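Here is a short, friendly tour for anyone who likes to think in helices, strands and contacts. Please have your viewer open as you read.

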Amino acid sequence: MTERALLSYERYQPWKRVIEAGFWIAVTGVNCVANSITTLMELRRGDSSIQAWEPAVWETSSAVMWLLVVLPAMAWFTRRYPFQWGDWRRQLARYAGASVVVCLVHVVGMVGLRVLAYRTQGMTYDFGPWTRELVYEYLKDVRSFASIVLTMEAYRLLLRRWQGEASLLAEPDEGPPLEPVDRPERFLIRKLGREFLVAANDIEWLQAAGNYVNLRVRGHDYPLRSTIAGIESRLDPRRFARIHRSYLVALDHVASIEPLDSGDARVHLRDGTVLPCSRRYRQDLRTRTGAEPG
């Protein structure tokens, strides 16, 4: 990564959550206003007795549910179960089920908000026959669901390309490999079209993140498409230790181990980073590092 690209990525980090939230608020807000206006215009063409505030309530209740409940849940779901084409049948079934849950949560929540809004006006809100209306809402929501998933995955792909993405060195087409590929000494890092090698000794710790494992190297994260168990089996056990179901740590970077009353522990690294350590790994880590309790 060029120095300019590196600086731009680091400058983006403090604003990341604000920009992400602002994007979804803007998209949802514009959609809410546009739908309110077009719905009211259509009703007026049919000489409807619907009052002007009613379409606004309909669209606002829907937008509130998307923003406060559905989008955060979808962000968690897509991080926990990122879509992979290698197992597309199972993934498609999982995402189809999730879309049904999203629709039910969205509809039940927005209907509840509409009922409350109508009561403030001394009126009763009628959603209509639930079976028919749920089918109608699902046909709309499943399109929104797919669009949101695609947007989230595209954004995460962009971030991975921006910060750099790690991969294991593959065997060459011809001749013996330069180093054992079953226990790599180096990882290939791709950043914005450029490639370079990172030594396994430079990795400070690793964290599972869905179908990726983030390699922490000099304050930067490089996602590697793997499971934590899969990468653990390929790292040198003399250098790396499992400390948690989601964490591996480089033993040379461990400064101290802080025991907790629960039986778990905190692992303090030399750079000040603190990682969780499960009780099942605590004693083995202390034995291997010789670290004194913090």
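The report below goes from the whole chain to a helix pair and then to the strands.

## The chain as a whole

What you have on screen is a predicted model. Its chain holds seven helices and 11 strands. Of its 294 residues, 38% count as buried.

If you look at contacts with a separation of 6 or more, 53% of them come from residues 24 or more positions apart. The accessible surface of the chain is about 17,600 Å², and carbon and sulfur atoms account for 57% of that area.

## A pair of helices

Now turn to helix α3, residues 53-80, and helix α4, residues 88-120. Their axes lie 8 Å apart, and the two helices pack at an angle of about 145 degrees. The crossing of α3 with α4 is right-handed. Sorted by class, the residues in this contact are 18 nonpolar, five polar and three charged.

## Strand β8 and its partners

Strand β8 covers residues 247-250. Which way do its side chains point, and are they buried or exposed? Tyr247 and Val249 point one way, Leu248 and Ala250 point the other way, and all are buried. This fits a general pattern: in a regular strand, side chains alternate between the two faces of the sheet.

Which strands pair with β8? One of them is β4 (residues 203-209), which pairs with β8 in the antiparallel sense over three bridges; here tryptophan 205 has valine 249 as its bridge partner. Another is β7 (residues 240-244), which runs antiparallel to β8 and is joined to it by four bridges. Phenylalanine 240 is the bridge partner of alanine 250 in β8. With two residues between them, β7 and β8 form a hairpin.

## The three-stranded sheet and its helix

Further along, you will find an open sheet of three strands in the order β9-β10-β11, with antiparallel pairing. Why do β9 (254-259) and β11 (274-277) each have one side without a neighbour in the sheet? Both stand at the edges and each has a single partner strand, so one side of each is left free of a sheet neighbour. From one strand to the next, the twist averages 25 degrees.

Within this sheet, β10 (residues 265-269) and β11 run antiparallel and are joined by four bridges. Histidine 268 has valine 274 of β11 as its bridge partner. Helix α7, residues 279-289, packs on the sheet and touches β9, β10 and β11. The direction of α7 makes about 140 degrees with that of β9.

Methods. Residues numbered from 1 in each chain as written. Predicted model: local features only at pLDDT ≥ 70, side-chain atom pairs only at ≥ 80, totals over all residues. Heavy atoms only, no water. Axes fitted to C-alpha atoms, helices over the stretch in contact; angles between N-to-C directions. Left-handed = near helix turned anticlockwise from the far one by under 90°. Nonpolar A, V, L, I, M, F, W, Y, C, P; charged D, E, K, R; others polar. Buried < 20%, exposed > 50% of the residue type's maximum accessible area, 1.4 Å probe, protein only. Pairing = 2+ DSSP bridges. Contact = heavy atoms within 4.5 Å. Areas by Shrake-Rupley, 256 points an atom, 1.4 Å probe, with all protein chains shown as cover.
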